[in-house]
Amino acid sequence: MHKKIALTVLTFLASIALAACSKSPDVTANATGTTIGDTIKVGVNLELTGTVAAYGNAENNGVKLAVQEINKAGGVDGKKIELITKDNKSENTEASTAATNLAIQSQVNAMIGPATSGAVAAASLNAQKTGVPLLTPSGTQDDLTLDTVDGVKKYVFRTTFQDSFQGQVLAQYAYSNLNAKKVVLYYDNSSDYAKGIAEEFKKKYQGDIVTTATFASGDKDFQSALTKIKNLDYDAIVMPGYYTETGIITKQARDMGISVPILGPDGFNDDSFGDLAGKANTNGVYYVSGYSTKTALSAKATDFIKAYKAKYGSEPNMFAALAYDSVYMIAKAAEGAKTSIDIADNLASLKDFDGVTGTMTIDKKHNPIKTALMVAIKDGAEASADAVEIKK
């Protein structure tokens with residue numbers, strides 16, 4: 001009797017060990033997708049309130065403009081696009097809930113958003129389980145589209161480039177364009193977004209990183225860290241993070257007499273950066289962007305700027321442009337599609353798509369191949385934009 005029990009226990013433990021060593025289950029196995037009906041239903045899952053609402057509202061503006069244009073022109077295969085919008089409140093749990101609601105309750109055929117990487121990661125499992133593609137305009141974390149089962153998440157895509165690419169752009173631009181041979185690396189250690197960019201910068205930067213310091217989301221007082229940095233010998237500060245903190249850091253740095261160039265990722269890309277930093281303090285600030293009104297990456301860019309200004313009374317930023325392109329990408333992928341799974345398949349094979357943020361092709365990891373820009377700020381506004389081609 002005891003031997004039988006022992007054998008049973010050993011068999012059970014062995015099965016657990018084997019399960020632990022095996023690959024994660026394929027969550028897409030039972031994904032049935034949704035059927036396209038009289039309209040093409042597009043779910044919008046964006047940060048419309050909360051800490052990064054500036055990104056979500058800009059993207060929502062881009063989405064609405066694109067849908068208005070497409071529907072006015074007759075829709076897709078004669079079907080209008082119907083928007084169903086949810087506010088994820090800049091919270092990851094809300095983003096997950098919104099994705100579930102859109103895919104299951106509302107039966108949307110595709111989802112746009114969230115805007116930020118953490119929220120995309122939270123929402124992506126629902127896209128995978130339901131077979132409803134999620135296209136994030138601005139989620140940049142490298143592994144958002146990757147899966148441990150077959151290498152790529154079948155139903156997750158992005159319109160912007162990934163964090164590691166931004167790290168490479170910052171490294172090359174600082175060293176080659178600004179001739180910054182020695183830098184301070186000061187980044188948000190509470191953000192996977194910022195940490196990913198910082199790690200890639202460390203790998204690719206050819207100069208000397210004099211010192212590394214970190215801050216956290218929600219911090220307001222950076223005087224102590226800046227005091228330690230102030231008298232070191234360096235040519236620039238590289239600052240991966242969001243405008244909510246980096247704008248304040250820039251003001252405090254300039255107020256302390258730190259005048260070297262400050263470089264950051266696309267998280268700087270909002271008018272609020274200038275408001276927080278003080279417009280005069282933004283001189284000598286540069287950030288990575290997939291779009292700028294100062295340079296046309298496609299023939300469509302001029303018409304887009306004109307239409308956006310007519311509708312909203314201001315120039316579009318990168319987030320608005322990326323979301324605008326996202327709608328047109330989904331519309332293109334919906335041509336001839338019967339289900340949401342068809343849309344996902346068509347997104348995966350999208351080539352030479354002509355968007356306002358440039359011509360792009362979706363690669364095998366569901367990332368767009370496209371050109372990056374480094375935008376220079378002066379007096380709180382974009383002054384110029386340089387295309388950056390990464391040297392292999």
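This report walks through a sheet, a helix and a cavity in a predicted model.

## Ground rules

Numbering starts from 1 along each chain as its sequence is written. Local features need pLDDT of at least 70, side-chain atom pairs count only at pLDDT 80 or more, totals for chains, interfaces and linings use all residues, and side-chain values use heavy atoms, with hydrogens and water left out.

## The sheet and a helix across it

Five strands (DSSP E runs of at least two residues, numbered from the N terminus) make an open, parallel sheet, ordered β2-β1-β3-β4-β5. At the edges sit β2 (81–87) and β5 (156–158), each pairing on one side only; pairing takes at least two DSSP bridges. Strand β1 (residues 40–46) joins β2 in the parallel sense over seven bridges, and Asn45 stands opposite Lys86 in β2.

Helix α3 (residues 92–105; helices are DSSP H or I runs of at least four residues) lies across β1, β2 and β3 (110–112), at about 170 degrees to β1. Contact here means heavy atoms within 4.5 Å, and angles run from 0 to 180 degrees between N-to-C directions of axes fitted to C-alpha atoms, for helices over the stretch in contact.

## The annotated stretch

UniProt, in an unreviewed entry, lists residues 39–380 as "domain: Leucine-binding protein"; such annotations may be inferred rather than shown by experiment. Over residues 39–380 the chain is 42% helix and 19% strand, with the end C-alpha atoms 42 Å apart.
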